[in-house]
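This report covers the pockets of the chain shown below, followed by one of its sheets.

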Amino acid sequence: MFERMHDLDVDRVVLWRDTSSGLEAILVIDNVTLGPSAGGVRTRPYPSSRDALADAAALARAMTLKCALAGLTAGGAKCVVLDHPGLDRARAFPVLGERIAELGGLFRTAGDLGTTAADLAAMASRCPWVHTQEVALAGAVAHGLLRCIEACAALRGVAVAGLRVAVQGAGSIGAAVARRLSAAGLHLVIADIDDARAHAVAGETGATVGDPSTILTAPVDILAPCALGGVIDVAAAQSMRAWALCGAANNLLASPEAEDALLARGILAVPDVVASAGAVIEGIGTTVMQLADRTQLLDALGTTAGRILEEWRVSGARPSAIATQWAFAQIAARRAAR
């Protein structure tokens, strides 16, 4: 892992370990050119510390792109906690909060996959830079995702109301997305490995419950992965039946080749660094930029998605590459202006 750290093109890597609580955490601060770093805390049982570092680095880079493309005065970061049998969460997360507080606001964080509301509350009890309003964050993601779906519909020349959307994941983000899309008149199929959770969201939104093993190939217009990343590999890209991919999962493409497979079939592929940016807009827009209303920034995600897809149609470049180029142009411009 230490050899890998030297290969990363990031601003900082911080390793935290507390033997009394079993805490093992890695923070990757990718870029702070635009402002303090922002990113959630993810908790999962990684195969190794090296795998945890790789995940944190990829997610931190995605956050840098999100912030730049969304017009935020913040950079990207990610913290991952290694879940293991010896982890005492009640003791570990207050310690993590203390460690983050010692950075003096350089890292602004919120929840992510595997980190519970209780974990966040424990961190926030020791750190003022922990955003605990999960409902507001999830709602902001759903708002931005709907705008991006609207951009896809506009390019396709179809109405938004009545479109069929497959939502993979019925957690806080997937549930918020389902509620928002249902209210906008879209027809939903939702699936989750937790069948009870999927049925609960379906009952609330009028969605149909789908099979988690086949949700990626559901006969729909839009596929919206809202759980784990890396779910769209080449095989999935070649077999999916939707004409657009627009999801709130982070790093949902498993490889550049998967994106190529989508584009070869003419599938609209909205970069997830745009489609899933609502939460960081809500968090940074509130706490750092002091914006009373973040709606304009959320609505602009749809405009950005549309511009990226139009550029893809004209140039043939991957939408992900276009998004990355635009983001780093913003960062370079800020650096040059100093």
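In this predicted model, the residues lining the largest pocket divide into 25 nonpolar, 16 polar and eight charged. The second largest pocket is lined by 13 nonpolar, four polar and four charged residues. The table sets out the two pockets.

| Pocket | Volume | Lining residues by class |
|---|---|---|
| Largest | about 1100 Å³ | 25 nonpolar, 16 polar, eight charged |
| Second largest | about 420 Å³ | 13 nonpolar, four polar, four charged |

The largest pocket has a volume of about 1100 Å³. Its lining comprises 49 residues, and Gly111, Asp112, Leu113, Ser172 and Ile173 are the closest to the pocket centre. Two or more lining residues come from each of α2 (49–69), α5 (134–156), α6 (172–183) and α11 (278–287). The biggest contribution is that of α11, with five residues.

The second largest pocket, at about 420 Å³, has 21 lining residues, with Asn251, Asp272, Val273, Ser320 and Thr324 nearest its centre. The elements that supply two or more residues to this lining are α2, α9 (256–264), α10 (272–275) and α13 (319–337).

Turning to the sheet, six strands form an open arrangement in the order β9-β8-β7-β10-β11-β12, with parallel pairing. The edge strands, β9 (208–209) and β12 (268–269), each pair on one side only. Between β10 (residues 222–225) and β11 (residues 244–245), which run parallel, there are two bridges; Ile222 has Ala244 of β11 as its bridge partner. Helix α7 (residues 195–205) lies across β8 (187–191) and β9, and runs at about 165° to β8.

Terms used:
Residues numbered from 1 in each chain as written. Predicted model: local features only at pLDDT ≥ 70, side-chain atom pairs only at ≥ 80, totals over all residues. Heavy atoms only, no water. 1 Å grid on protein atoms, 1.4 Å probe; cavity = no way out; pocket = protein on both sides within 12 Å on 5 of 7 lines; lining within 4 Å. Points joined across faces, edges and corners; volume = space filled by probe spheres on them. Helix = DSSP H or I, 4+ residues; strand = E, 2+ residues; numbered from the N terminus. Nonpolar A, V, L, I, M, F, W, Y, C, P; charged D, E, K, R; others polar. Pairing = 2+ DSSP bridges. Contact = heavy atoms within 4.5 Å. Axes fitted to C-alpha atoms, helices over the stretch in contact; angles between N-to-C directions.
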